[in-house]
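Reader: Hey, I've got a structure open and I'm a bit lost. Can you walk me through some of it?
Author: Sure, pull it up and ask away.

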Amino acid sequence: MENLDLLIKELCKYPNETPWLEFKHNNYNPDMIGKDISALANSATLYEKNRAFMLWGVNDETHEIVGTEYDLQTLKKGNQEIGNWLRSLLSQNADFEFHSVKVDTEKGIVTVGILIIYKATNRTVTFERVEYIRSGSYTKKLTDLPAVQAQLWNKLQNNKFEELVAKQDLTLSEALNALNYTVYFDIKGEPQPTDTNGIGHYMLEEGIITKQDNGLYSITNLGAILLAKRLSDFPRLSRKAVRVVQYKGNNRMNMLKEDIGEKGYVVGFEGLVKYISALIPTEEVIAGALRTQESAYPVIAIREAVANALIHQDFSVTGTGPVIEIFENRIEITNPGTPLVDVRRIVDNPPKSRNEKLAELMRRLRMCEELGTGWDKIVIACELLQLPAPKIVLYQENTRVTLFADLPFTSISPEDKLWACYLHACVKQVQGEQLTNKSLRERFGVAESSSASISRLIKEAVEKKIIKPLDPDTAPRYMKYIPFWA
């Protein structure tokens, strides 16, 4: 964090409070703070400020620095620290930090409390599910100001995470030193310029860095999240580092390993996939005179599922990032946010990302496949190894994709059998083919003698209206099936 004492002195020079700046003396009412965090975060977006501020220990009228008697970081609401209490009642996109700062004044050194509040992104920040906004020097409910509400939502819709500033006021050399730009040129197969200005030109064109009005440079969230040498150099993005956890057995009782990625997504992606592959079980297969290692999971499915989690996560959900958990019988890949498309149409519909610029650059840097083919490849890869179908579970603020290890058909749950049947129909449809009893038997790796059990599964899928006959009048033995949407 920059020199906060200098920041405080600059803020105190403002003649009046603004929609993104509020002064207090010793008023630490928790409900007031919660409402003001919502109001200031939303106002910062409305007035195109990256941050808003609340200062304690400053005279409300004269803005003289007088000091405060309390330390904001140690205050409690009941038995709970005020920071944790506030986070439990604010929406998950609320992003703020407390600091107690010693400031040298004419009357001596005093303590000033500063609350730095980051602008709302993607959606409004709420407190106890209510939206607030600053109107002059007052905090009001946003719904009481419909014209302001419309302006704010217009700003939010054009407010892209990738374009926000991760670090600012840097020289060009300082900005480039924080990034592994060599990977960018290596992947693109282009010669790297030999001078700083030449490299800076490409980084500016990609929106990885931006030039400020004062002649210095900023690193954008896009640049930091993809090309950072160390994500810990960007405190607000450090929680977006990928966390890999390996467990003993099939539950979370005993953790074997934990690793948190330090590098930006592009810089560390290949290493991440290799690290996951090294942790999952392999089997030695002898073919003729050759010995080969076969993984329990298709690497392409891991690669695509991880890339999807990185690309489609909701960066406005603070305090959490992508997590990859490895069990003996499955891999769970969890990311903040939920898909913008119906998961039942995830195979045939082009994906829609809330992070379009990040997704576009990641595709050009070959971190993932061409638009719309990722889930096809995940499903087909699992089918080729006759594994249970990859599963998608949606939670309130998260999406979890599970890849399963080999499991006999009889041990697969009825729900997962139906999902596998549906996905098989989807994959066949996009290939211009249809599901049949034979194709589904081959997909599960069961013998022809199991035709009856496969027929019962198909019948149930039809009854659940997730697949339907291509031609209902066809004789049963020649019946073909398509997804419900086809």
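Reader: How many bridges join β11 to strand β12?
Author: Three, and the two strands run antiparallel. Keep in mind that this is a predicted model. One pairing you can look up is Lys-211, whose bridge partner in β12 is Tyr-217.

Reader: What's the order of the strands in that sheet?
Author: It goes β10-β12-β11, an open sheet of three strands with antiparallel pairing. β10 (165-170) and β11 (209-211) are at the edges with a single partner strand each, so one side of each has no neighbour in the sheet. On average, neighbouring strands are turned by 25° against each other, direction ignored.

Reader: Which helix packs on the sheet?
Author: Helix α7 (residues 196-205), which touches β11 and β12. The direction of α7 makes about 100° with that of β11.

Reader: Ok, new topic: aromatics. How many aromatic pairs are there in the whole structure?
Author: A search finds twelve. Take Tyr-28 and Tyr-70: their ring centres are 5.5 Å apart and the planes sit at 80°, so that pair is edge-to-face. The two residues are 42 apart in the chain, with Tyr-28 in the loop between β1 (21-24) and α2 (30-46), and Tyr-70 in the loop between β2 (51-56) and β3 (76-77).

Reader: Is Tyr-28 buried or exposed?
Author: Buried, at 9% relative accessibility. Tyr-70 counts as partly exposed, at 42%. Together with Trp-56, Tyr-28 and Tyr-70 form one aromatic cluster.

Reader: And α14, why is it called largely enclosed?
Author: Because six of its eight residues are buried. Those are Asn-437, Ser-439, Leu-440, Arg-441, Arg-443 and Phe-444.

Reader: What do those buried residues pack against?
Author: Three helices: α12 (374-384), α13 and α15 (451-463).

Reader: Let's zoom in on α13. At what angle do the axes of α13 and α14 cross?
Author: Roughly 115°, with the axes of α13 (residues 414-430) and α14 (residues 437-444) coming within 11 Å. On the α13 side, the contact is made by Lys-417, Ala-420, Cys-421, His-424 and Lys-428. α14 brings Ser-439, Leu-440, Arg-443 and Phe-444.

Reader: What mix of residue classes is in that contact?
Author: Four nonpolar, two polar and three charged.

Reader: Last one: what follows α14?
Author: Gly-445, which has a positive phi, near 70°.

Methods:
Residues are numbered from 1 along each chain as its sequence is written. This is a predicted model: local features need pLDDT of at least 70, side-chain atom pairs count only at pLDDT 80 or more; totals for chains, interfaces and linings use all residues. Side-chain values use heavy atoms; hydrogens and water are left out. Axes are lines fitted to C-alpha atoms, for helices over the stretch in contact, and angles run from 0 to 180 degrees between N-to-C directions. Helices (H or I, at least four residues) and strands (E, at least two) are DSSP runs, numbered from the N terminus. Contact means heavy atoms within 4.5 Å. Ala, Val, Leu, Ile, Met, Phe, Trp, Tyr, Cys and Pro count as nonpolar, Asp, Glu, Lys and Arg as charged, and the others, Gly among them, as polar. Two strands pair if DSSP finds at least two bridges between them. Buried means under 20% relative accessible area, exposed over 50%, partly exposed in between (1.4 Å probe, protein chains only). Rings of Phe, Tyr and Trp (its six-membered ring) pair if their centres lie within 6.5 Å; planes under 30 degrees apart count as stacked, over 60 as edge-to-face and the rest as tilted.
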